[in-house]
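Open the model in your viewer and get your selection box ready. We'll hop from stop to stop, with something to select at each one.

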Amino acid sequence: MSLKVVRWHDGVVQMLDQRRLPGTVEYLELQTVEEVGEGIAHMAVRGAPAIGIAAAYGIALAARSITATTPDDWMEAFQKAKQGLAATRPTAVNLVWALDRMEACARRLLDRDGDFANTRSLLDEGLLAEAREIDEEDEWMCRRMGDFGAVLVPDGASVLTHCNAGGLATGGYGTAVGVIRSAWTRHSNLHVYVDETRPLLQGARLTAWELSQEKIPYTLITDNMAGWFMRCKKIDLAVVGADRVASNGDVANKIGTYSVAVLCHHHGIPFYVAAPFSTVDMSLRSGEQIPIEQRNPNEVLAVQGNRVSPHDARAANPAFDVTPHELISAIITERGVLRPPFTESLATAAAHPLERSETAR
Ligand code: MRU
């Protein structure tokens, strides 16, 4: 999957509209930060790392339209744009992580001595460069995760994945799908079971599409088939992505992930999470503190826009659930494969960030 989910072109943010995949490959042309915010909220772009990347380009776009003449007024306008973007999807911590990183970059540039008029052009270029860095770095991180995670996938294995944690959800390559891709490169002998992932079908539409393109063999199943396939010994391991990892190893990911983890536990199947450190939120003690995004019930009442329930039906639509750390065999990160107890392994890895030279392979 070599498509970039978000691109910058001539002062415009181009966003691959994933709602139209796999049928149509089309980029939205976004001219304002509000349009970028809508693209994130309405899931033209989705997947935690990709949301962070989109927000980084969005705030770089916002910065260009700020008309302030003093650093303080500039920062006030920047903060307003930042808050608007941060509110779009509350669970994926990569969003706030990327925006905080963009703010730190802006503050560094503002702190330089000199005339504010000159600083303005430095800000425009510096923020765009930082957004590009976040984007490219994410792809390198995913490739490192792929290398670490591939070791956990035996030759000939059948792997279950849920939702889409592929190139479409990241700066490229993917987290959980990246592990599958790296394992495929090593053995060329594995099979993937893809949960369709109701209500928005990220598995059926996006993961299936990516695996088709990579020519990795897969079978699409409905979410409620996973247990039976485990019972029939068709699945050797599961690997999923994450939207937020708490410091004790509890993981928020697409609704249905918890059920997969419980099923794996029952059947004695390893359950792995692949996530970069930009998804780890060391400020949270446990998953109970992770905010869960509640989406429009119409996404459940209808399938691909076609209403399937009675006109007076009500629905719930939490977009994510939290898998408790006890159900997780390992967390695959760009800093290595972390094992329980996660409170310790995450703290150790968090204290050892990668140097740039280690990432630019
Ligand atoms: O609602 P979505 O499609 O943004 O949810 C995506 C997921 O849950 C992914 O598994 C997660 O963001 C990790 S993507 C590398």
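What follows is a walk through the ligand site, the cavities, the pockets and a few backbone oddities of this predicted model.

**Stop 1: the ligand**

Select the ligand and show what surrounds it. There are 18 residues around the ligand, and Ala48, Arg89, Asp243, Asn253 and Lys254 come nearest.

Now turn on distances to the ligand's oxygen atoms. Start with arginine 46, where a polar side-chain atom lies 2.9 Å from an oxygen atom of the ligand. Move on to arginine 89: here too a polar side-chain atom is in play, at 2.8 Å from a ligand oxygen. Alanine 48 does it with its backbone, placing an N or O atom 2.8 Å from an oxygen atom of the ligand. How much of the ligand's 410 Å² does the protein bury? The protein buries 100% of the area that the ligand exposes when taken alone.

**Stop 2: the largest cavity**

Hide the ligand and look for enclosed space. A search of the whole structure turns up two cavities of 30 Å³ or more. The largest has a volume of about 200 Å³.

To find the largest cavity, select Arg46, Gly47, Ala48, Asn164 and Asp243; of its 22 lining residues, these lie nearest the centre. You'll recognise some names from the ligand stop: Ala48 and Asp243 are also among the residues that come nearest the ligand.

Next, colour α2 (48-64) and β9 (251-254), each of which supplies at least two residues of this lining. Which of the elements gives the most to the lining of the largest cavity? That's α2, with three residues. Colour by class and you'll get 10 nonpolar, eight polar and four charged residues in the lining of the largest cavity.

Now colour by domain, with domain 1 at 6-143 and domain 2 at 146-359. Both domains give residues to the lining of the largest cavity, so this cavity lies between them.

**Stop 3: the second largest cavity**

The second largest cavity has a volume of about 50 Å³. Select Met43, Pro199, Leu200, Gln202, Lys254, Ile255, Arg295, Glu299, Asn317 and Ala319 to see what lines it. By class, that lining has five nonpolar, two polar and three charged residues. Keep Pro199 in mind, as we'll come back to it for its peptide bond.

**Stop 4: the largest pocket**

Switch to a surface view. The largest pocket holds about 390 Å³ of space. Select Arg19, His42, Leu200, Arg295 and Glu299, which lie nearest its centre among 20 lining residues. Leu200, Arg295 and Glu299 also line the second largest cavity.

For the elements, pick α7 (202-214), α10 (298-301) and β12 (302-303), each with at least two residues in the lining of the largest pocket. The largest share, three residues, comes from α7. The class count for the largest pocket is eight nonpolar, seven polar and five charged. Keep the domain colours on: domain 1 and domain 2 each give at least three residues to this lining.

**Stop 5: the second largest pocket**

About 340 Å³ of space lies in the second largest pocket. Select Trp97, Arg101, Glu137, Met141 and Glu334, the closest to its centre of the 20 residues that line it.

Colour α2, α4 (93-110), α5 (116-150) and α12 (356-359); each supplies at least two residues of the lining of the second largest pocket. So α2 turns up here as well as in the lining of the largest cavity. Expect 10 nonpolar, four polar and six charged residues around this pocket. Why does the second largest pocket lie between domain 1 and domain 2? Because both domains give residues to its lining.

**Stop 6: backbone oddities**

Drop the surface and go back to sticks. Most peptide bonds are trans, and most residues other than glycine have a negative phi. Here are some exceptions to click on.

- Leucine 21 and proline 22: a cis peptide bond joins them, with omega about 5°. Proline 22 is in the loop between β2 (12-16) and β3 (27-30).
- Arginine 198 to proline 199: this peptide bond is cis, with omega near 5°. Proline 199 is in the loop between β5 (191-195) and α7.
- Cysteine 163: phi is positive, about 65°, although this residue is not a glycine. Look for cysteine 163 in the loop between β4 (158-161) and α6 (176-187).

Note on methods:
Residues are numbered from 1 along each chain as its sequence is written. This is a predicted model: local features need pLDDT of at least 70, side-chain atom pairs count only at pLDDT 80 or more; totals for chains, interfaces and linings use all residues. Side-chain values use heavy atoms; hydrogens and water are left out. On a 1 Å grid over the protein atoms alone, a cavity is a set of points where a 1.4 Å probe fits but cannot get out, and a pocket is an open set with protein on both sides within 12 Å along at least five of seven lines; lining residues have an atom within 4 Å of a point. Grid points are joined across faces, edges and corners, and a volume is the space filled by probe spheres set on the points. Helices (H or I, at least four residues) and strands (E, at least two) are DSSP runs, numbered from the N terminus. Ala, Val, Leu, Ile, Met, Phe, Trp, Tyr, Cys and Pro count as nonpolar, Asp, Glu, Lys and Arg as charged, and the others, Gly among them, as polar. Domain bounds come from an automatic or database domain assignment. A residue is near a molecule or strand if one of its heavy atoms lies within 4 Å of it. A polar contact is a pair of N or O atoms within 3.5 Å; within protein, one must be able to donate a hydrogen and the other to accept it, and residues adjacent in sequence count only if both atoms are side-chain atoms. Accessible areas come from the Shrake-Rupley method with a 1.4 Å probe; for residues, only the protein chains shown count as cover.
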